Amino acid sequence: MSDLTAQEIAMIQEHRAEQTRREAMRDFQRKAIATAHAFDTWSDGAGEGLTYSTFVNAFGYQSEDCRQMYEAVARILES
């Protein structure tokens with residue numbers, strides 16, 4: 001079996017990085033859809049609209065991705 005060239009190794013690494021990026025994006029999309037549904041259900045009961053403050057403080061979304069998640073939830077609920 002022949003050794004891989006530096007170019008081949010770089011191509012493999014780029015492919016793996018792209019695959020990892022796609023999986024992370026898909027995971028975030030699924031999480032955003034589930035979070036939007038949970039927020040919508042909570043919002044119906046609480047009578048609260050979607051603002052960043054409400055999303056973080058009242059609804060209680062505290063993950064590190066809260067700004068990105070808030071924006072995704074807002075886009076989902078607007079559509």
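## From the N-terminal patch to the helical core

L4, I9 and I12 come together as a nonpolar patch on the surface, and their combined accessible area is about 240 Å². The model in which this patch appears is a predicted one, and what follows should be read as a description of that prediction. L4 belongs to the segment that precedes α1, the helix running over 6–46. With a relative accessibility of 49%, L4 is classed as partly exposed, because that class lies between the limits of 20% and 50%.

The helix that follows this segment can be checked for its extent. The 41 residues of α1, taken at 1.5 Å a residue, should span 60 Å, and the C-alpha atoms at its ends are 58 Å apart, which agrees with that expectation. Just after α1, G47 adopts a positive phi of about 70°.

Along α1, charged side chains can be followed next. The count of salt bridges in the model comes to three, and E18, R21 and R22 are linked in a network of such bridges. Within that network, the side chain of E18 meets that of R21 with an N to O distance of 2.6 Å, while R22 forms its salt bridge with E18 through closest N and O atoms that are 3.0 Å apart. The spacing along the helix helps to explain the arrangement: E18 and R21 are separated by about one helical turn because they are three residues apart in α1, and R22 and E18, four residues apart in the same helix, are likewise about one turn from each other. An α-helix has 3.6 residues a turn, so residues three or four places apart point the same way. As for their surroundings, E18 is partly exposed with a relative accessible area of 29%, and R21 is also partly exposed, at 43% relative accessibility.

A further salt bridge joins the side chains of K31 and D65, with an N to O distance of 3.5 Å. This pair links distant parts of the chain, since K31 sits in helix α1 and D65 in the loop between α2 and α3, 34 residues away. K31 is partly exposed, its relative accessible area being 35%.

Which residues of α1 are buried? They are F28, A32, T35, A36, F39 and S43, and these buried residues pack against α2 and α3. S43, in helix α1, has a relative accessibility of 13% and therefore counts as buried, since the limit for that class is under 20%. Setting aside its neighbours within four places in sequence, S43 is in contact with E48 and G49.

The packing of the helices can be described through the largest nonpolar core, which has twelve residues: F28, A32, A36, F39, F55, V56, Y61, C66, M69, Y70, A72 and V73. Helices α1, α2 (52–58) and α3 (66–78) each supply at least two residues of this core, and the largest share, five residues, comes from α3.

Y70, one of the core residues, has its place in helix α3. Is Y70 buried or exposed? Its relative accessibility is 16%, so Y70 counts as buried. Beyond the neighbours within four places in sequence, the contacts of Y70 are with L50, T51, Y52 and F55, of which F55 is itself listed in the core. By contrast with these contacts, the C-alpha atoms of Y70 and H15, residues that stand 55 apart along the chain, are separated by 30 Å.

L77 offers another view of helix α3, where it has its place. L77 is partly exposed, with a relative accessible area of 34%, and yet, not counting residues up to four places away in sequence, L77 touches A36, F39, D40 and L50. Among these partners, A36 and F39 are buried residues of α1, and both are listed in the nonpolar core. The C-alpha atoms of L77 and D44, which are 33 residues apart along the chain, are separated by 13 Å. L50 appears among the contacts of L77 and also among those of Y70.

Notes: Residues numbered from 1 in each chain as written. Predicted model: local features only at pLDDT ≥ 70, side-chain atom pairs only at ≥ 80, totals over all residues. Heavy atoms only, no water. Patch = residues over 30% accessible without salt bridge, like charges linked within 9 Å, V, L, I, M, F, W, Y side chains within 5 Å. Areas by Shrake-Rupley, 256 points an atom, 1.4 Å probe, with all protein chains shown as cover. Salt bridge = Lys/Arg side-chain N within 4 Å of Asp/Glu carboxyl O. Buried < 20%, exposed > 50% of the residue type's maximum accessible area, 1.4 Å probe, protein only. Contact = heavy atoms within 4.5 Å. Core = buried A, V, L, I, M, F, W, Y, C linked by side-chain atoms within 4.5 Å. Expected span 1.5 Å × (residues − 1).
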